[in-house]
Number of protein chains: 2
Amino acid sequence: MRSLQSGEVAELGYDMVLGNTFHLFLNPGHERIAALGGLHEFMAWRRPIITDSGGFQVFSLGHGTVADEIKGRRAQPGRHSRILEISEDGVRFRSYIDGSERFMGPETSMQIQAALGSDIALAFDECTPFHAGRDYTEASMHRTHRWLERCVAWHADNAPPGQVLFGIVQGGVERDLREASAAATVAAGTPGIAIGGSLGADKDQMREVVGWAIEALPDERPRHLLGIGDVDDIVYAVGAGIDSFDCATPTRMARHGTALVPDPRHRWRLDVRSPKNADSAEPLQSDCACEACTNHTRAYLHYLSRAGELTAVRLLTLHNLTFMKTLMTRLEEGIRSGTYDQVADEVLKAES
Amino acid sequence: MRSLQSGEVAELGYDMVLGNTFHLFLNPGHERIAALGGLHEFMAWRRPIITDSGGFQVFSLGHGTVADEIKGRRAQPGRHSRILEISEDGVRFRSYIDGSERFMGPETSMQIQAALGSDIALAFDECTPFHAGRDYTEASMHRTHRWLERCVAWHADNAPPGQVLFGIVQGGVERDLREASAAATVAAGTPGIAIGGSLGADKDQMREVVGWAIEALPDERPRHLLGIGDVDDIVYAVGAGIDSFDCATPTRMARHGTALVPDPRHRWRLDVRSPKNADSAEPLQSDCACEACTNHTRAYLHYLSRAGELTAVRLLTLHNLTFMKTLMTRLEEGIRSGTYDQVADEVLKAES
């Protein structure tokens, strides 16, 4: 977790982190990490780790805009290497580290995740972008289902003790495809299920698409929603039955000088670098117990962030992760006490 | 302290930090910091602060290579603005922030340091570079002595409660000038004295120059040596009677992937980014109690540092500051127990 040590993430109350299969495959290499005792030992993280399938990043090399659509980033043509071939076997591509030709398929993804020693592995999938169109999305989805079978078979024979496999529901923004993909993933029998791929052009469509997938999933299996992290989306998705999330937004926002605050009218965002914070003696958030809020003013964070100081990144990261953890705890308590709708309403209408 | 919060620096055992008068003058401005409760409050540092005079940086704008000589940096022509005029009053220069014309003289420096509310203020001085030559160095030194008188006068009338003023010994690498400057600084009556300016072309000359200055100083006044931080230099200088130091080297090294280790043959430096650390399961230093050494391998730090991860900067900063604090504690114990020479010998001959 950028700018933090693993122990600090645990202290913030997080139960699981996500390790990136694609990046760790290329650098420093899964075999090196395995030789050093696995990813838990390597990063000194003593709690569960989920590793993604590598599919999202590897296909982003070719599709280019998957990452943009889902993560809200600008495309960076030329920065990443290119896909050389997508076939039934998997994907051949050029490494962004050294330009060498590499390959990743279902078995490769499983091998890497086994070497990393994660607790939850994700089945290798193609993450189709919004603009892919129905025909490509459907054909890709069927291939992802065949890859899921191969992942299940490899995992049954070779998985490290204790590691479980989650299948990933694809199918783009088509209701019948999402339902078919959910059914196929359920049928593959993985003990948990993730929802991935393009979730649409806007928040309304995302909620509709996630809803179709969830309806087709059995209650007893945990559901992970890949790459979603906005406050309102999380409140919706938890209410709809999602159990876990991974998203780079809170930490990336911190690196760019943005704090998460209880202010729905500004999409829960406070631009610390705005000139209006230059003299502010207020904390980021008056009822927050994080180090940034208990020790410092907005003026200090404004100064540090604009000066490019690493301490600003760190303080904002600690704050944003505290904000997200507090949010998740509130939602969890809402579920337990049967007051979820009320809690959701409070979160969505809170004033800064 | 880059990549750390103030509380963490205190936890590492540091008793005092240095605040940079010149930089804080330009950004965010001493008046803004004063309005926010002073520098202690602004950065949430609850222990003493020493502020430098501003002279080192302001004269670096013109001399260019003072910083290079003393700090071991490469010159960055064009990055800094230029000095417009040096006069008996002080220095007119262009701000590197916005190009505006600014002025700093003895009273300005004192005003800024008063507004910051530091515990130890340093008198405004010209920090002459090695290449300045005897004539310039001598004339500058006399002006620095006159500025010291003005600082003492301003401070006597206007200093915030509890703030003390230290004069700074200049005089370059000339024995008679150093002795004259030490005598003039002692005569000015400040309760503590700093040694600044060019300390020569190499370590031998630095020790000789520092030795001349120290001999002329009374035992009962604390002595601060500005900008020196190499392990062997500190061991020498503490032995010679220096009480405190400030130096950016340990934290700057951390940002560039270098760890301090007990290895005199390699100048106490370990290049974490070297390929030989890529697979190393060893800690940076086996007997170090810092977070980097107790939780992680050199291989992990190698990977993080080469990947440009902020966590690498942080872990190496924590390690290097732990190393320096441990060193200072050992030297202090050596003084207390009358075994300083033996301790110094152990430090200077330690094997990694």
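**Entry 1: a serine in α5 of chain B**

I began with B:Ser60, which counts as buried at 14% relative accessibility. The cut-off I used for buried is under 20%. This is a predicted model, so I treat every value here as computed from it. B:Ser60 sits in helix α5 of chain B, residues 55-63. Where does the side chain of B:Ser60 reach? I found it 2.6 Å from the backbone oxygen of B:Phe56. A general note to myself: residues three or four places apart on an α-helix point the same way, because the helix has 3.6 residues a turn.

**Entry 2: the A/B contact**

Next I looked up how the two chains meet. Chain A brings 34 residues to the contact, and chain B brings 34 residues as well. Between them the chains bury about 2,700 Å², and 56% of that lies on carbon and sulfur atoms. Which three residues supply the most of the area that chain A buries against chain B? They are A:Gln5, A:Tyr303 and A:Leu310, with 23% of it.

I then turned to the polar side of the contact. I counted six salt bridges between chain A and chain B. One of the salt bridges that I looked up joins the side chains of A:Arg2 and B:Glu309, at 3.2 Å from N to O. There are also 18 residue pairs in polar contact between the two chains, with both residues at pLDDT 80 or more.

Which helices does chain A use here? I noted α4 (39-43), α13 (291-295), α14 (298-306) and α15 (310-337), each of which supplies at least two residues to the side that touches chain B. The largest share, six residues, comes from α15(A). By residue type, the side of chain A that touches chain B divides into 18 nonpolar, seven polar and nine charged.

**Entry 3: helix α14 of chain B**

I stayed with chain B and checked α14, residues 298-306. Is this helix mostly covered or mostly open? It is mostly covered, with eight of its nine residues buried. Among the buried ones are B:Arg298, B:His302, B:Tyr303 and B:Ser305. I wanted to know what does the covering, and the list includes elements from both chains: α2 and α4 of chain A, together with β12 (269-271), α13 (291-295) and α15 (310-337) of chain B. Just after α14(B), I noted a positive phi of about 75° at B:Gly308.

**Entry 4: aromatic pairs**

The structure holds 14 aromatic pairs over all chains, and I picked out two of them in chain A. A:Phe22 and A:Phe93 form a tilted pair, 5.5 Å centre to centre with 45° between the planes. The pair links distant parts of the chain, 71 residues apart: A:Phe22 is in helix α2 (residues 21-26) and A:Phe93 is in strand β4 (residues 91-94). A:Phe22 is buried, at a relative accessible area of 2%, and A:Phe93 is buried at 0%.

The second pair is A:Phe59 with A:Phe124, also tilted, at 6.2 Å centre to centre and 35° between the planes. Here 65 residues separate the partners: A:Phe59 lies in helix α5 (residues 55-63), and A:Phe124 in the loop between β6 (120-122) and α8 (134-158). I find A:Phe59 buried at 0% relative accessibility and A:Phe124 buried at 1%. Back at the first pair, A:Phe22 and A:Phe93 form one aromatic cluster with A:Tyr96.

**Entry 5: a valine in β7**

A:Val164 is in strand β7 of chain A, residues 164-169. Its relative accessible area is 31%, so I log A:Val164 as partly exposed. Leaving aside neighbours within four places in sequence, A:Val164 is in contact with A:Asp119, A:Ile120, A:Ala121, A:His155 and A:Pro191. I also took a distance: A:Val164 and A:Arg175 are eleven residues apart in sequence and 28 Å apart in space, C-alpha to C-alpha.

**Entry 6: backbone oddities**

Most residues other than glycine have a negative phi, and most peptide bonds are trans. I therefore looked for exceptions to that general rule. The bond from A:Asn27 to A:Pro28 is cis, with omega near 5°, and A:Pro28 lies in the loop between α2 and α3 (30-35) of chain A. In chain B, the bond from B:Asn27 to B:Pro28 is cis too, with omega near 5°.

For phi, A:Trp268 has a positive value near 60°. A:Trp268 sits in the loop between β11 (258-260) and β12 (269-271) of chain A and counts as buried at 8% relative accessibility. B:Trp268 has a positive phi of about 60° although it is not a glycine, and it is buried at 7%.

How values were computed:
Residues numbered from 1 in each chain as written. Chains lettered and ligands numbered in written order. Predicted model: local features only at pLDDT ≥ 70, side-chain atom pairs only at ≥ 80, totals over all residues. Heavy atoms only, no water. Contact = heavy atoms within 4.5 Å. Buried area = accessible area lost by both parts, 1.4 Å probe. Salt bridge = Lys/Arg side-chain N within 4 Å of Asp/Glu carboxyl O. Polar contact = N/O pair within 3.5 Å; in protein donor to acceptor, adjacent residues only side chain to side chain. Helix = DSSP H or I, 4+ residues; strand = E, 2+ residues; numbered from the N terminus. Nonpolar A, V, L, I, M, F, W, Y, C, P; charged D, E, K, R; others polar. Phe/Tyr/Trp six-rings, centres within 6.5 Å; stacked < 30°, edge-to-face > 60°. Buried < 20%, exposed > 50% of the residue type's maximum accessible area, 1.4 Å probe, protein only.
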